[in-house]
Amino acid sequence: MKKLSGTVLTPTGFIMGAIEIGEDGRVARIVGEPLDADRARDTTGNLLLPGFIDTHVHGGGGRDTMEGLGAIETIARVHAQFGTTSMLATTMTAPPDDLVHAFEALREACHSPAPASARVLGVHLEGPYINPAMLGAQPDFARPLLRDELMGLNAVAPIRLVTLAPEVASNMQFIGELVAAGFVVQLGHTAGSFDDAMDALSRGAKGFTHLFNAMTGMHHRKPGMVGAALSSAEYAEIIPDLLHVHPAVIRVAMRAIPKLFCVTDSTAAAGMPDGEYRLGRHTVTKCMGGVRLPDGTLAGSTLTMDIALANLVDKIGLSLEEASRRVSTYAADYLGISERGRLAVGALADIVQIDRDLKIKGVMVEGRPLI
């Protein structure tokens, strides 16, 4: 039986106490006295939070998901160092052969996790079923949804999340079928209207990909995709690197979307010095804290989830408890995972230890210390 002591964030609030972890890697017991949330960062010991969950990860440590063999192990290991205990490996819009190549490598990572790394829960298929007019930093291989292609890829490695543009060809009619088959569908890289978004939500689409980016914006007479998200969504991704979305706009979204959750949309440049890196078939440049295509278009990020948490608390003004939910619990809820994203008896012991300055001091995945 392992034991971690400190200020523990439980589903009902902070306690000063300890977590006991069984040999099965699950939380066996939590003991302690309730602690006022305002005093949580006054502790001289570590704060224990649920491990971070990132549903949008393209790369890290100089490696890109689309590279195939060996890349995902590096990516999962690098992000674990920053507190991410589980993630979705995110692919780029690409020709069929490129996707198959990437998925073949992801299969092993999903079923046989590498040591000292975040758990790869599955794949976020970000494209190719998007609007070619809203590529953002996606390569120009967009196409309408092909059922056989998607199901073939899923047979290689499990797809948990599909980003699509509902206005493209027959994409809308597939949403209900995908949801019934167990996929989470979210809307992104889309030129669709408010009505398109509402139709997609009524068919079971659940969220929005990197809200505000690569989608139709909100005008007071044409509310667009953003207007649909702000008026009707329970969930949406947002990138809190303070480059993709202004802090004030993040606050607006958090007031409107109950379970807005954070993603990094990280690239190979995450955890690396300035320079050139791969993003699918693109070459991107990391400089001045961001990642861009040669024309200046933002191309993913260098963000890691520990910085996301710190930005939410120190720049956006959230309490540590609420910030934790937005980098962990809500993403787990979105994916329908009850055993991660919370420190509760019976949950997997995915734990991040931070100090009062929100710096990582330790990471545990399924009861095994990584750092």
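## The enclosed cavity

A cavity, in the sense used here, is a set of grid points where a 1.4 Å probe fits but cannot get out. In this predicted model, the structure holds 1 cavity of 30 Å³ or more, and about 40 Å³ of space lies in the largest cavity. Its lining is made up of Ile72, Glu73, Ala76, Ala109, Pro113, Ala114, Ser117, Ala118 and Val120. Helix α1, which spans residues 71-80, gives the most to this lining, with 3 residues. By residue class, the lining of the largest cavity divides into 7 nonpolar, 1 polar and 1 charged.

## The largest pocket and Asp265

The largest pocket has a volume of about 220 Å³. Of the 18 residues that line this pocket, Ala137, His210, Asp265, Leu298 and Gly300 lie nearest its centre. The lining of the largest pocket divides into 7 nonpolar, 9 polar and 2 charged residues.

Asp265, one of the residues nearest the pocket centre, belongs to the loop between β14 (259-262) and β15 (275-279). Asp265 is buried, because its relative accessible area is 6% and the cut-off for a buried residue is under 20%. The backbone of Asp265 also deserves a look, since its phi is near 50 degrees, a positive value in a residue other than glycine.

## The open sheet of seven strands

An open sheet of 7 strands follows the order β3-β2-β1-β4-β18-β19-β20, and its pairing is mixed. Strands β3 (27-34) and β20 (368-369) stand at the edges with a single partner strand each, so one side of each is left without a neighbour in the sheet. Within this sheet, strand β4 (residues 47-50) and strand β18 (residues 351-354) run antiparallel and are joined by 4 bridges; the bridge partner of Leu49 is Val352 in β18. Helix α9 (residues 320-335) lies across β1 (2-10), β2 (13-21), β4 and β18, and runs at about 35 degrees to β4.

Ala40 is placed in the loop between β3 and β4. With a relative accessible area of 1%, Ala40 is buried, and, leaving aside its neighbours within four places in sequence, Ala40 is in contact with Thr7, Phe14, Leu35 and Leu47. Ala40 and Ala28 are 12 residues apart in sequence, while their C-alpha atoms are 23 Å apart in space.

## Parallel pairs and buried strands

Strand β5 (residues 52-57) is mostly covered, with 6 of its 6 residues buried. Strand β5 runs parallel to strand β8 (residues 84-91), and 4 bridges join the two; Val57 stands opposite Ala89 in β8.

Strand β11 (residues 184-187) is covered on both faces, since Val184 and Gln186 on one side and Val185 and Leu187 on the other are all buried. The two-sided arrangement can be read against a general rule: in a regular strand the side chains alternate between the two faces of the sheet. Strand β10 (residues 159-164) pairs with β11 in the parallel sense over 4 bridges, and Thr163 stands opposite Gln186 in β11.

## An enclosed helix

Helix α8 (residues 305-315) is largely enclosed by the rest of the structure, because 8 of its 11 residues are buried. The buried residues of α8 are Met305, Asp306, Ala308, Leu309, Ala310, Asn311, Leu312 and Val313. Just after α8, Gly317 takes a positive phi of about 90 degrees.

## Unusual backbone positions

As background to the positions described here, most residues other than glycine have a negative phi, and most peptide bonds are trans. The peptide bond from Gly127 to Pro128, by contrast, is cis, with omega near 20 degrees; Pro128 is found in the loop between β9 (119-126) and α3 (147-156).

Ala214 is not a glycine, yet it has a positive phi of about 60 degrees, and this residue lies in the loop between β12 (207-208) and α6 (224-232). Asp265 likewise has a positive phi, near 50 degrees, and its place is in the loop between β14 and β15.

Notes: Residues are numbered from 1 along each chain as its sequence is written. This is a predicted model: local features need pLDDT of at least 70, side-chain atom pairs count only at pLDDT 80 or more; totals for chains, interfaces and linings use all residues. Side-chain values use heavy atoms; hydrogens and water are left out. Buried means under 20% relative accessible area, exposed over 50%, partly exposed in between (1.4 Å probe, protein chains only). Two strands pair if DSSP finds at least two bridges between them. Contact means heavy atoms within 4.5 Å. Axes are lines fitted to C-alpha atoms, for helices over the stretch in contact, and angles run from 0 to 180 degrees between N-to-C directions. On a 1 Å grid over the protein atoms alone, a cavity is a set of points where a 1.4 Å probe fits but cannot get out, and a pocket is an open set with protein on both sides within 12 Å along at least five of seven lines; lining residues have an atom within 4 Å of a point. Grid points are joined across faces, edges and corners, and a volume is the space filled by probe spheres set on the points. Ala, Val, Leu, Ile, Met, Phe, Trp, Tyr, Cys and Pro count as nonpolar, Asp, Glu, Lys and Arg as charged, and the others, Gly among them, as polar.
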